[in-house]
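The following exercises are to be worked with the sequence and coordinates at hand. Each task is followed by a solution in steps.

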Amino acid sequence: MLELASVFKVYGPEYLQKYGENMLPSHKKAMEDIQHCRTQVMGGHVYYCDACDERLYAYHSCGNRHCPKCQAVSKARWLDERKAELLPVGYFHDVFVTFGFT
C-alpha cells in the first residue's frame, strides 16, 4: 500500500526546492515528521522476552496531528462516534448556492 511518507520521500525534495520558500514552517515540519514516523530516525524501544529470547523493535511515532499513521486510531474513533449519532435513515448531501443580486 502506498504511504504518504513514501510520496514525501520521493517527491518531497523537488517540491521543497520549487515551493519551499513559500511554505509555512509548520507544513515543512509536518512533511518531515511524516517521513520519519516509526523509523529509526525517531528512535524506539526494544522489547525482550525472557521465555523465548525474542526481541521486538518498536519505533516511536511522530505524534504530528497531520500524520495518517499517528491519527488513524483517533480518526476511526471519531468516525464511529459520529456514525452512532446518525438517524437510521438514508442521507444525501445538497449544496445550495445563493447569489447576492440586488
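**Exercise 1. Surface and overall form**

How much area does the protein expose, and what percentage of it do carbon and sulfur atoms supply? Then characterise the fold and its extent.

*Solution.*

Step 1. The model is a predicted one. The exposed area of the protein is about 9200 Å², and carbon and sulfur atoms supply 57% of it.

Step 2. Assign the secondary structure. There are three helices and two strands, and along the sequence they follow the pattern α-α-β-β-α. The radius of gyration is 21 Å, well over the 13 Å that the globule rule gives for 102 residues, so the protein is more spread out than a compact globule.

Step 3. Determine the box along the principal axes. The C-alpha atoms fill roughly 75 × 45 × 25 Å.

Step 4. Turn to burial and contacts. Of the 102 residues, 15% are buried. Among contacts between residues at least 6 apart in sequence, 34% join residues at least 24 apart.

**Exercise 2. The surroundings of Asn-64**

Classify Asn-64 as buried or exposed, and trace the polar interactions that begin at its side chain.

*Solution.*

Step 1. Locate the residue. Asn-64 belongs to the loop between strand S2 (54–59) and H3.

Step 2. Apply the burial criterion. Asn-64 has a relative accessible area of 11%, and because buried means under 20%, the residue is classed as buried.

Step 3. List the contacts. Once neighbours within four places in sequence are set aside, Asn-64 is in contact with Lys-29, Ala-30, Asp-33, Cys-70 and Gln-71.

Step 4. Examine the polar contact. The side chain of Asn-64 makes one with the side chain of Asp-33, at 3.0 Å.

Step 5. Continue from Asp-33. Its side chain also meets that of Lys-29 in a salt bridge, at 2.9 Å from N to O. Asp-33 and Lys-29 both lie in helix H2 (residues 25–36), four residues apart, which is about one turn of the helix.

Step 6. Compare the accessibility of the two partners. Asp-33 is buried at 10% relative accessible area, whereas Lys-29 is partly exposed at 47%.

**Exercise 3. Salt bridges elsewhere**

How many salt bridges does the structure hold? Identify a pair that links distant parts of the chain, and describe the network that contains Glu-81.

*Solution.*

Step 1. The count for the structure is four salt bridges.

Step 2. Consider Glu-3 and Lys-69, whose side chains form a salt bridge at 3.2 Å, N to O. This pair links distant parts of the chain: Glu-3 is in the segment before helix H1 (4–19), Lys-69 is in helix H3, and 66 residues separate them.

Step 3. Assess accessibility. Glu-3 is partly exposed at 36%, and Lys-69 is likewise partly exposed, at 28%.

Step 4. Describe the network. Salt bridges link Glu-81, Arg-82 and Glu-85. Within this network, the side chains of Glu-81 and Arg-82 meet at 3.8 Å, N to O. Glu-81 counts as partly exposed at 41% relative accessibility, and Arg-82 does so at 26%.

**Exercise 4. Two buried residues and a surface patch**

Which residues touch Gln-35, and which are in contact with Cys-67? Which residues form a nonpolar patch on the surface?

*Solution.*

Step 1. Gln-35 is found in helix H2 and is buried, with a relative accessible area of 18%. Not counting residues up to four places away in sequence, Gln-35 touches Ala-5, Phe-8 and Lys-9.

Step 2. Cys-67 is found in the loop between S2 and H3. Its relative accessible area is 2%, so Cys-67 is buried. Apart from neighbours within four places in sequence, its contacts are Ile-34, Cys-37 and Cys-62.

Step 3. Relate sequence separation to distance. Cys-67 and Lys-83 are 16 residues apart in sequence, and their C-alpha atoms are 23 Å apart in space.

Step 4. Identify the patch. Leu-86, Leu-87, Val-89 and Tyr-91 form a nonpolar patch on the surface, and together they have about 430 Å² of accessible area.

Step 5. Place one member of the patch. Val-89 lies in the segment after helix H3 (68–85). Val-89 is exposed, with a relative accessible area of 52%.

Definitions and conventions: Residues numbered from 1 in each chain as written. Predicted model: local features only at pLDDT ≥ 70, side-chain atom pairs only at ≥ 80, totals over all residues. Heavy atoms only, no water. Patch = residues over 30% accessible without salt bridge, like charges linked within 9 Å, V, L, I, M, F, W, Y side chains within 5 Å. Areas by Shrake-Rupley, 256 points an atom, 1.4 Å probe, with all protein chains shown as cover. Buried < 20%, exposed > 50% of the residue type's maximum accessible area, 1.4 Å probe, protein only. Rg over C-alpha atoms; globule rule 2.2 N^0.38 Å. Contact = heavy atoms within 4.5 Å. Polar contact = N/O pair within 3.5 Å; in protein donor to acceptor, adjacent residues only side chain to side chain.
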